[in-house]
Amino acid sequence: METPFPPFEPNGPDDSARGPRLREIPLRLVFPNLITILAICAGLTGIRLAFENRYELAVSMVLLAAFLDGIDGRVARLMKATSKFGAQMDSLADIVNFGVAPALVVYVFALDQARSLGWIAALIYAIAAGLRLARFNVMAERENKASWQSEYFVGVPAPAGAMLVLLPVYLGFLGLTTDRTFAYLSSIYTVLIAFLLISRLPVWSGKSEGNRLRRDLVLPMMLGVVLYVALLMSYTWEVMVFTVAAYLASLPFGARKWQRKYGTLTIEEPGVGDDDIGRHI
């Protein structure tokens, strides 16, 4: 039988025994996390569509997942809604959208004809994407960041890797025969992209605040972006093949620019990978 009087507490009420209090959370803190969840749903849906042989929709969903995953952080900063929870959600979404989903889509479309070698290539890419994301998170959490981190990536970033590794699928959509030879060549290409992800190749990011555009080039650049998007809507897979080729061709120029500035072809800054990996495992 319950007593009508509360128990006597000489030191006052003990709030710790009552559990955490529920409090209201502003909607602006939830919105970026919803975008991240939608990105995960898109990536997983792309995997399902690939197993259903609906490849064009599968690739579209993977690219949509990459787009959503790319804007959630920017939306959070714009709305002043960044949080540790959101950062962890974003990291988990990255491995799905940039690692697992592209690997499985390209495997189902082309690599499965290479049998075990194709599966090994897909595994290598997915693991490389995870390692690349882990290295990025470790470097982003440093208190003292190197000055070059605002201008260069260490290796190809994972979002770009997801776009690059799908090249065999784009070529298949354009009518290239996807036979066993194509599967073996695609497996080699997939492993190559995986090594570009975990390499120490300096990749120009274009995020440096010192990068400025001449005033007379602003309007031509905007028209160029409009033209690119219009072509992408009309000739999607041709434009994607061109984009992949242009991105790969630009990598030596970024490395050359780094060499001229720092004297090396790769980023050998102390603590970029080895010390941080050893400290965080």
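**Group meeting talk: a helical protein, from record to core**

Okay, let's start with what the database says. The UniProt entry, which is unreviewed, marks "transmembrane region" at residues 29-51, 57-79, 91-110, 116-134, 154-176, 182-205 and 217-233. Keep in mind that what we have on screen is a predicted model, so everything I say about the shape comes from that prediction.

So what do those stretches look like in the model? I picked two. Residues 57-79 are 96% helix and 0% strand, and their end C-alpha atoms sit 31 Å apart. Residues 182-205 are a bit of a mixture: 71% helix and 12% strand, with 32 Å between the end C-alpha atoms.

Now zoom out. How many helices and strands does the protein have? There are 10 helices and two strands. If you walk along from the N terminus, you meet them in the order α-α-α-α-β-α-α-α-β-α-α-α. Of the 281 residues, 40% are buried. And if you take contacts between residues with a separation of 6 or more, 80% of them join residues 24 or more positions apart.

Let's go inside. The largest nonpolar core has 55 residues, and the ones with the most contacts inside it are Val-59, Tyr-125, Val-156, Leu-166 and Tyr-170. Which helices supply at least two residues each? Those are H1 (27-51), H2 (55-78), H3 (84-109), H4 (116-140), H5 (158-165), H6 (167-173), H7 and H9 (236-262). H3 gives the largest share, nine residues. There's also another core lying apart from that one, with five residues, including Met-139, Tyr-152, Trp-258 and Ile-267.

Find Leu-166 on your screen for a second. Skipping its neighbours within four places in sequence, Leu-166 is in contact with Val-59, Val-62, Leu-63, Pro-102 and Val-105.

Here's another inside spot: Ser-186, in helix H7, which covers residues 180-198. Is Ser-186 buried or exposed? Its relative accessibility is 4%, so Ser-186 counts as buried, the cut-off being under 20%. Leaving out residues up to four places away in sequence, Ser-186 touches Ala-110, Leu-111 and Pro-168.

Okay, back to the outside. The accessible surface comes to about 17,700 Å², and 65% of that belongs to carbon and sulfur atoms. One piece to look at is a nonpolar surface patch of about 750 Å², made by Val-218, Leu-219, Met-221, Met-222, Val-225, Tyr-228, Val-229 and Met-233. Met-221 is in helix H8, residues 218-234. With a relative accessible area of 45%, Met-221 is partly exposed.

Last stop: charges. Side chains of opposite charge can pair when their charged atoms come close. How many salt bridges do we get here? The count is two. In one, Glu-52 meets Arg-48, with N to O at 2.8 Å. In the other, Glu-52 pairs with Arg-54, and the closest N and O atoms are 3.0 Å apart. Put them together and Arg-48, Glu-52 and Arg-54 are linked in a network.

How open are these residues? Arg-48 has 55% relative accessibility, so Arg-48 counts as exposed. Glu-52, at 33%, is partly exposed, and so is Arg-54, at 42%.

That's my tour, thanks!

Definitions and conventions: Residues numbered from 1 in each chain as written. Predicted model: local features only at pLDDT ≥ 70, side-chain atom pairs only at ≥ 80, totals over all residues. Heavy atoms only, no water. Salt bridge = Lys/Arg side-chain N within 4 Å of Asp/Glu carboxyl O. Buried < 20%, exposed > 50% of the residue type's maximum accessible area, 1.4 Å probe, protein only. Patch = residues over 30% accessible without salt bridge, like charges linked within 9 Å, V, L, I, M, F, W, Y side chains within 5 Å. Areas by Shrake-Rupley, 256 points an atom, 1.4 Å probe, with all protein chains shown as cover. Helix = DSSP H or I, 4+ residues; strand = E, 2+ residues; numbered from the N terminus. UniProt positions renumbered as here; feature names shortened; annotations may be inferred. Contact = heavy atoms within 4.5 Å. Core = buried A, V, L, I, M, F, W, Y, C linked by side-chain atoms within 4.5 Å.
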